[in-house]
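Subject: Structure handover

Hello,

Here is the structure for your files. My notes come after it.

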Amino acid sequence: MVDRGRPRSFDREKALRSAMILFWRYGYEGASLGDLTEAMGINRPSLYAAFGSKEALFREAIGLYDSTVGAPIEAALASEPTARASIEAVLRYNAQSCTGADTPRGCMIVMASLLGTAENEEIRAFLSETRRSGEEHMRLRIERGIAEGDVPAGADAAKMAQFYTTVSQGLSVQAVDGASCAALNAVVDGAMAAWDALAAPAAG
């Protein structure tokens, strides 16, 4: 039975992707319910019936972003032969994806809710945890490199992961400000030139 107010042609996955793009472009607070229902081609009761709430819809949209746009990042961390190659592949991909012509600029997870009102603290905490998870994946990949011998023993994997996560997030901000893919790749060049110094074990 079709929920009251929901079009018979309702395509949940298509509607979710539309919501993802809107949240990506305007952030959680910037995307109003009216904007969302218009973009998704449904009315407000249908949105609630299909997704529960704006917050639940946003969380699903982040999940979709992570499983689609974020999939190459997971692949790079898993399949590149060295930790350095993995981290560089992540940054190069981010430079490309953050400046794509067919999607909003920047990284949705970085840009969606850096600031906001107190009542949306749970959303900000959710995004913060999602960003920390990305940093943790980098740390684990660098630790794997230490174990496999392509990163010096004694390297501070946590420090390196924090540095490259900061670079990655900075690429997103630069992209939103209009930086080209070539300009972002020049930043990546500089970040990767710092790899050996960052990987060197601390003196003493």
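The notes below cover one helix and a residue in the loop before it.

This is a predicted model, in which local features need pLDDT of at least 70, side-chain atom pairs count only at pLDDT 80 or more, and totals for chains, interfaces and linings use all residues. Residues are numbered from 1 along each chain as its sequence is written, and side-chain values use heavy atoms, with hydrogens and water left out.

Helix α9 covers residues 157-176 (helices are DSSP runs of H or I, at least four residues, numbered from the N terminus). Its 20 residues should span 28 Å at 1.5 Å a residue, and the end C-alpha atoms are 29 Å apart, which agrees (expected span: 1.5 Å times one less than the number of residues).

Buried residues of α9 include Ala157, Tyr164, Leu171 and Ala175 (buried: under 20% relative accessible area; exposed: over 50%; partly exposed: in between; 1.4 Å probe, protein chains only). The buried residues pack against α6, α7, α8, α10 and α11.

At the N-terminal end of α9, aspartate 156 acts as a cap, with a side-chain oxygen 3.2 Å from the backbone nitrogen of alanine 158. Just after α9, glycine 178 has a positive phi of about 105 degrees.

Aspartate 150 sits in the loop between α8 and α9. It counts as partly exposed, at 28% relative accessibility. Proline 81 is 69 residues from aspartate 150 in sequence, yet their C-alpha atoms are 9.1 Å apart. A polar atom of the aspartate 150 side chain lies 3.1 Å from the backbone nitrogen of alanine 83.

Regards

Notes: Helix = DSSP H or I, 4+ residues; strand = E, 2+ residues; numbered from the N terminus. Contact = heavy atoms within 4.5 Å. Polar contact = N/O pair within 3.5 Å; in protein donor to acceptor, adjacent residues only side chain to side chain.
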